[in-house]
Amino acid sequence: MEAAARDPQSGLEWRVTVPEGASVTVEYEAGPAGRAWASMVASVLMLGATVSGFAKKVWKIGADDPRKVVHGLKVGVALTLVSVFYYTRPLYDGVGGAAMWAIMTVVVIFEYTVGGSVYKGFNRAVATASAGVLALGVNWVASKSGDKLEPVITCGSLFLLAAAATFSRFIPTVKARFDYGVTIFILTYSLVAVSGYRVDELVALAQQRLLTIAIGIFICLAVCVLIWPVWAGQELHQLTVRNMEKLAAAVEGCVEDYFAEEGAKSAQAKSDGYKCVLNSKASEDSQANLARWEPAHGKFGFRHPYAQYTKLGAAMRHCAYCVETLNSCVGAEVQAPESVKRLLADVCTRLGAQCGRVLREASSSVATMTTSPALDFAVADMNTAVHELQGDMPELPFTLAGGPGEASLIDAMPLFTVASLLTEISTRIESVVDAVDTMASLASFKQADDDDDKRGDAELKTKVHPLNETDSDEPPEENKTTKLSEQV
């Protein structure tokens, strides 16, 4: 069998002889022009896909938090207002070429939150003024000391002050509150000290630069505060509330997952909420530091205890570490038999629900900045559930020994671990409640209305139920409430 083909470029015909019944596939290799065109088309398509993916990410960021879009517009407004000093002749003549320092000030100190802008503005103003005055004084002393001692005094003071200021950045208090100011101090002193101007010229230059920097700071803070302000104190407050809600959901989700049957696990995001608590330390510390610089706004006064939020966050992380260990028990390879799990399922589920209830009550107290007896009742219910669990655990070995089947005490060890972790979690939750009580005292939380307490209790009672209600031996709700009231 022969197969014939013709080259479309050269026009030459060639033949191939193959055995009978076989097939031949002839492929033409594209020329240089075809390969270049295909490569260009592929590059354009790849570039279009990259641009489209980037645009979707940008749109998602703006849609999730429109305040970020507004922040960009606010920076544009501030720079436009500062630029008026260049476009308007009388204003430009008043500040001269130093108007550029106002633009630089807006660029470097405008932050997302009001606290961040105030922090950088204050540090820049104080550092610039102190460094300028100190440099003028050193230059004056150096100029009166003669030509031989002048460079020695200037260079020596620059070395000593730069070394001391740089070392001060390692001090925790200075690092947290004045790190930016120390950097500006070193920069300003170095520029003035080695400028080489006479003292009278330096005074005039310093006046112009201080004036333009003050103008930049004023415009920056005015725009930041008056146009859709973002307060670091409120961000810290909301972050703390969200973390307590996620921690409550994580405790309940881990307990439900452990005692649930296969295929009935809760959503993974619910039981993984503790991870947000563990990863929030840096955000809490940063926002607490910036919130101290903010003026009074809303429910946040001048001396609002922002430092207590970090202590509350530390207590929540202490609890979240234990929840993380509990979550690892859910997916562990060694599990107790289902028949053994059912022996403590009700009491453990009840304790998990009570722990979540306490955290939600504490979250509600912080969110509304009110104190309510509902939190104390929730803690009492949690402690009652802990006592019930501690009373059932010693009876478990006798139940296993006297029951039918081949379950042994070794098989129940994973269940004992979970029960012990729940007891430890309840203890650490009490530390969270203590931190909330301290915050309520320092921040002067108001007393919640009685109507709100009754409505909150009614809503919480609907949430606190074991998973297997059909097999529960719990007394009626009204009898349980009366018993708890007597204990409290």
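The following paragraphs go through a predicted model of one protein chain, from its overall make-up to a few individual residues.

The protein chain has 20 helices and four strands. It contains 488 residues, and buried residues make up 40% of them. Contacts between residues at least 6 apart in sequence can be sorted by separation: in 76% of them, the two residues are at least 24 apart. The accessible surface of the chain comes to about 27,400 Å², and carbon and sulfur atoms account for 62% of that area.

One part of that surface is a nonpolar patch of about 530 Å². The residues that make it are Val77, Leu81, Val225, Leu226, Ile227 and Trp228. Two helices, H2 (66-87) and H9 (199-226), each supply at least two residues of the patch. Leu81 is found in helix H2. With a relative accessible area of 41%, Leu81 is classed as partly exposed, because that class lies between the limits of 20% for buried and 50% for exposed.

Helix H10 covers residues 232-259. Its 28 residues should span 40 Å at 1.5 Å a residue, and the end C-alpha atoms are 41 Å apart, so the expected and modelled lengths agree. Of the 28 residues, 22 are buried, which means that H10 is largely enclosed by the rest of the structure.

Phe259 and Tyr258 lead from there to Lys341. Lys341 is found in helix H15, which runs over residues 338-368. Is Lys341 buried or exposed? Its relative accessibility is 6%, so Lys341 counts as buried, the cut-off for that class being under 20%. In sequence, Lys341 and Phe259 are 82 residues apart, while their C-alpha atoms are 6.7 Å apart in space. Beyond its neighbours within four places in sequence, Lys341 is in contact with Tyr258, Phe259, Gln335, Ala336 and Leu415. For Tyr258 there is also a polar pairing: its backbone oxygen lies 3.2 Å from a polar atom of the side chain of Lys341.

A second buried polar residue is Asn123, at 5% relative accessibility. Asn123 is found in helix H5, residues 114-143. Which residues does Asn123 touch, not counting those up to four places away in sequence? They are Arg177, Phe178, Tyr180, Gly181 and Trp293. With Gly181, the side chain of Asn123 reaches the backbone nitrogen at 3.2 Å. Lys341 is paired with a backbone oxygen, whereas Asn123 is paired with a backbone nitrogen.

Two loop residues remain, and the backbone angle phi is the point of interest in each. Met369 has a phi near 55 degrees, a positive value in a residue other than glycine. Met369 sits in the loop between H15 and strand S3 (370-371). Ser444 likewise is not a glycine, yet its phi is positive at about 55 degrees. Ser444 lies in the loop between helix H18 (413-442) and strand S4 (446-447). Each of these loops thus joins a helix to a strand.

The surroundings of the two residues can be read from their accessibility. Met369, at 9% relative accessibility, counts as buried. Ser444, at 57%, counts as exposed, because the exposed class begins over 50%. A positive phi is therefore found here in a buried residue, Met369, and in an exposed one, Ser444.

Notes. Residues are numbered from 1 along each chain as its sequence is written. This is a predicted model: local features need pLDDT of at least 70, side-chain atom pairs count only at pLDDT 80 or more; totals for chains, interfaces and linings use all residues. Side-chain values use heavy atoms; hydrogens and water are left out. Buried means under 20% relative accessible area, exposed over 50%, partly exposed in between (1.4 Å probe, protein chains only). Contact means heavy atoms within 4.5 Å. Accessible areas come from the Shrake-Rupley method with a 1.4 Å probe; for residues, only the protein chains shown count as cover. Patches are made of residues with over 30% relative accessible area and no salt bridge: like charges are joined within 9 Å, nonpolar side chains (Val, Leu, Ile, Met, Phe, Trp, Tyr) within 5 Å. A salt bridge is a side-chain nitrogen of Lys or Arg within 4 Å of a carboxyl oxygen of Asp or Glu. The expected span of a helix is 1.5 Å times one less than its number of residues. A polar contact is a pair of N or O atoms within 3.5 Å; within protein, one must be able to donate a hydrogen and the other to accept it, and residues adjacent in sequence count only if both atoms are side-chain atoms.
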